[in-house]
Amino acid sequence: MGVQMCNWHFAFDLDGTITSEELLPRIAEAVGLRDEIAKLTELTLAGRIPFAYSFRERVKLLQGIPVSTVRNIVESVHLDPHIVAFFQQKADRCYIVTGNLDVWVGALCVRLGAQLISSTALVKGDRIVDLTSIVDKRVAARTIPRPFAAIGDGHNDLGMLETADVAVAFGGVHPPAPSLLRAATHAIYDGAALCRFLRQL
């Protein structure tokens, strides 16, 4: 007998999955650091440099920017409307698992109604003064009630997908990392198709 629908939980990556673009390059473009951030992001998504190292370097480049400015940029980013509608229906069973910082994306996640598992930072005077933790998505995934489906696009989502009962390599914005395609149970390239599939679980 199949698992009842009400028992499933859903773990979504944020950047390039829920959002229509990677957040750090968007933030960097707004403050004139596009090239530096874009290169680090590209290498990270492809799995050519470790996420934790890359993220620390990117935060160093961006930590002088007021947190309030970054929050405003994040709030202006386009979201996949099908995923937003899915959250509205099932927010109590949806998690956003992101390497991004709580102080940057927390308000967005509250608006979506999802539970947030993220990296964290200490803020004083509207500036980041310390990066206090970097999320390990494999470890984070172990805290999500089972059965659960994981949805991501980049190599840093690999641990989350390998832990999930259903693993979706999502290509809504750009092609999923090859490592994700190898680990995934499904590959989906459209937000509407993704949510139709998730509703069937």
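These legends go with close-up views of a predicted model.

**View 1. The largest nonpolar core, with Trp104 in the middle of the story.** This core counts 50 residues, and the ones with the most contacts inside it are Phe12, Phe87, Trp104 and Leu198. Helix H6 (residues 102-112) chips in the largest share, six residues. Look elsewhere in the model and you'll find another core lying apart from this one, with 18 residues, including Val135, Ala141, Ala169 and Ala184.

**View 2. Helix H6 and the company kept by Trp104.** Which residues of H6 are buried? They are Val103, Trp104, Val105, Gly106, Leu108, Cys109 and Leu112. Setting aside neighbours within four places in sequence, Trp104 touches Leu24, Ile27, Val59, Leu62, Val67, Val70, Arg71, Val74 and Ile128. Just after H6 comes Gly113, with a positive phi near 85°.

**View 3. Phe10 meets Phe86 edge-to-face.** A search of the whole structure turns up four aromatic pairs, and here is one of them. The ring centres of Phe10 and Phe86 sit 5.0 Å apart with the planes at 90°, so this pair counts as edge-to-face. Phe10 belongs to strand E1 (residues 9-12) and Phe86 to helix H5 (residues 81-90), so the pair ties together parts 76 residues apart in sequence. Both Phe10 and Phe86 are buried. Zoom out a little and Phe10, Phe12, Phe86 and Phe87 make up one aromatic cluster.

**View 4. Phe51 and Phe55, a stacked pair in helix H3.** Why is this pair called stacked? The centres of the Phe51 and Phe55 rings are 5.4 Å apart and the planes make an angle of 15°, and planes under 30 degrees apart count as stacked. Phe51 and Phe55 are four residues apart in H3 (residues 51-62), so about one helical turn separates them. Are these two residues buried or exposed? Phe51 has a relative accessible area of 18%, so Phe51 is buried. Phe55, at 1% relative accessibility, is buried as well. The cut-off for buried is under 20%.

**View 5. Helix H1 packs against H3.** The axes of H1 (residues 23-30) and H3 come within 11 Å and cross at roughly 25°. H1 and H3 are therefore roughly parallel to each other, since angles under 35 degrees count that way. Their crossing is left-handed. On the H1 side the contact uses Leu24, Ile27 and Ala28, and on the H3 side Phe55, Arg58 and Leu62. Some familiar names return here: Leu24, Ile27 and Leu62 are also among the contacts of Trp104.

**View 6. Helix H5 alongside H10.** Here the axes of H5 and H10 (residues 191-199) come within 8 Å, crossing at roughly 25°. H5 and H10 are therefore roughly parallel to each other. H5 brings His82, Ile83, Ala85, Phe86, Gln89 and Lys90 to the contact, while H10 brings Gly191, Ala192, Leu194, Cys195, Leu198 and Arg199.

**View 7. Two backbone spots to check in the loops.** What kind of peptide bond joins Arg146 and Pro147? It is a cis bond, with omega about -5°. Pro147 sits in the loop between helix H7 (137-141) and strand E5 (148-152). The other spot is Asp126, where phi is near 70°, a positive value in a residue other than glycine. Asp126 is found in the loop between strand E3 (115-124) and strand E4 (127-133). With 28% relative accessibility, Asp126 counts as partly exposed.

Technical notes
Residues numbered from 1 in each chain as written. Predicted model: local features only at pLDDT ≥ 70, side-chain atom pairs only at ≥ 80, totals over all residues. Heavy atoms only, no water. Core = buried A, V, L, I, M, F, W, Y, C linked by side-chain atoms within 4.5 Å. Buried < 20%, exposed > 50% of the residue type's maximum accessible area, 1.4 Å probe, protein only. Contact = heavy atoms within 4.5 Å. Phe/Tyr/Trp six-rings, centres within 6.5 Å; stacked < 30°, edge-to-face > 60°. Axes fitted to C-alpha atoms, helices over the stretch in contact; angles between N-to-C directions. Parallel < 35°, antiparallel > 145°, perpendicular 65-115°, else oblique. Left-handed = near helix turned anticlockwise from the far one by under 90°.
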